[in-house]
Amino acid sequence: MEFRPIGVVRSPYSDKAQIPKGPGAEHEAEGVLEVLPEFEPGLVDIEGFSHLYVLWVFHRAEPFELLSSPPTDDRPHGVFATRAPRRPNPIGLTVVRLLRRDGPRLHVRGLDMLDGTPILDIKPYLSSVPAGEIRRGWLADAEARGHTQGRSPQSGPPPTTAGSGAKMAFIDVSTLPQREVIPGYRARFLHGQGMTAAYWEVDAGAAMPEHAHVHEQIANVLSGEFELTVAGERRRLTPGTAALIPSDVRHSGRAITACRLLDVFNPVREDYR
Ligand SMILES: C[S@@+](CC[C@H](N)C(=O)[O-])C[C@H]1O[C@@H](n2cnc3c(N)ncnc32)[C@H](O)[C@@H]1O
């Protein structure tokens, strides 16, 4: 069996130490998946997908070890129960957000691999596993014991992951990093084990294009007035009215006034980590 790379990753990371690590790590790095010209026809229609799986080679990994000590715990685990680079077949798997396509170049966010990493394959990201059925194994135990070390030295504020249900966490939301997700929509994210809360500040008139995701969503207006359209039905929301948006239902929105919104998602919005 022999695999041939279909392209190469252009990422801002030249050194492994620069890449955020651990469960609270935020993978915000943007870069390009450069697909070789001969494979470009294979990208037809990829623009319609918000997220992609990238399968790639840990081309700068050490020889494999079957017991691995990840930065997320102080105990070793079987390599196949981790995402460690040192594996018998050194294949990496990363979910990235597709920002835009420029011919054979896919501009993406969410990279956790080195510049020059060979790409084996790209596939659309589709998740069909109900949140309630997902178990997080030793990671949940490690989080409950408070193991969140191993983050990038430059990653700044404390982890936004609140840990398992066993651990109570009080969080000053104003200290979470804020990010402009699309023009006029700035959010702070808080990730639990099975849910994400997004605290938005939205400029008056800013529009959220129609989209859908596998996550169930409960949308709340904390202040201001927001027009929400769910499956073609349009409503003006003010504080006190919530909207329940089921999985995979198309929706869009527009801020009538400057707004503060709170969206709760289940399962976790990995793309917002
Ligand atoms: C924990 S692995 C997870 C990678 C991927 N998300 C996965 O689940 O397969 C990510 C780490 O692999 C290392 N790494 C990234 N690119 C690499 C490469 N091309 N060769 C060897 N190690 C690499 C970096 O230390 C990075 O922090």
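The chain comprises one helix and 18 strands, where helices (H or I, at least four residues) and strands (E, at least two) are DSSP runs numbered from the N terminus. The model is a predicted one, in which local features need pLDDT of at least 70 and side-chain atom pairs count only at pLDDT 80 or more, whereas totals for chains, interfaces and linings use all residues. Residues are numbered from 1 along each chain as its sequence is written.

Of the 273 residues of the chain, 25% count as buried. A residue is termed buried if 20 or more other C-beta atoms lie within 10 Å of its own, exposed if 12 or fewer, and partly exposed in between, with C-beta atoms placed from the backbone. Among contacts between residues at least 6 apart in sequence, 68% join residues at least 24 apart; two residues are in contact if their C-beta atoms, placed from the backbone, lie within 7 Å.

Six strands form a closed barrel in the order β1-β2-β7-β6-β3-β8, with antiparallel pairing. Two strands are taken to pair if DSSP finds at least two bridges between them. From one strand of the barrel to the next, the twist averages 45 degrees; axes are lines fitted to C-alpha atoms, for helices over the stretch in contact, and angles run from 0 to 180 degrees between N-to-C directions. Within the barrel, strand β1 (residues 7-10) is joined to strand β2 (residues 30-35) by four bridges, and the two run antiparallel. In this pairing Arg10 lies opposite Val32 of β2. Strand β1 also pairs in the antiparallel sense with strand β8 (residues 118-124), over two bridges. Here Val8 has Pro118 of β8 as its bridge partner, and Gly7 stands opposite Ile119 in β8.

Gly7, which belongs to strand β1, was examined further. This residue is buried, with 25 other C-beta atoms within 10 Å. Residues up to four places away in sequence not being counted, Gly7 touches Leu33, Glu34, Val35, Leu36, Phe39 and Ile119. The C-alpha atom of Gly7 is separated by 9.8 Å from that of Glu40, which is 33 residues away along the chain.

Pro88 lies in the loop between β5 (77-78) and β6 (91-102). Pro88 is exposed, having 11 other C-beta atoms within 10 Å. Pro88 and Phe64, 24 residues apart in sequence, are 5.4 Å apart in space, C-alpha to C-alpha.

The buried residues of helix α1 (residues 137-144) are Leu139, Ala142 and Glu143. Seen down the axis of α1, these buried residues fall within an arc of 100 degrees, so they line one face of the helix. The arc is that of the directions from the helix axis to the C-beta atoms.

A second set of six strands forms an open sheet in the order β9-β10-β11-β18-β13-β16, with antiparallel pairing. Its edge strands are β9 (178-182) and β16 (242-245), each of which pairs on one side only. Neighbouring strands of this sheet are turned by 25 degrees against each other on average, direction ignored. Within the sheet, strand β13 (residues 216-223) and strand β18 (residues 259-266) run antiparallel and are joined by seven bridges. Gln217 stands opposite Phe265 of β18.

Strand β14 (residues 226-230) takes part in two pairings described here. With strand β15 (residues 233-237), β14 pairs in the antiparallel sense over five bridges, and Leu228 has Arg235 of β15 as its bridge partner. The hairpin of β14 and β15 has two residues between the strands, and Ala231 takes a positive phi near 50 degrees in this hairpin. With strand β17 (residues 251-255), β14 likewise pairs in the antiparallel sense over five bridges; the bridge partner of Thr229 in β17 is Ser252.

The surroundings of the ligand were also examined. Of the 17 residues around the ligand, Lys16, Ile19, Arg60, Arg83 and Met113 come nearest; a residue is near a molecule or strand if its C-beta atom, placed from the backbone, lies within 6 Å of it. The shell around the ligand divides into eight nonpolar, four polar and five charged residues. In this division Ala, Val, Leu, Ile, Met, Phe, Trp, Tyr, Cys and Pro count as nonpolar, Asp, Glu, Lys and Arg as charged, and the others, Gly among them, as polar.
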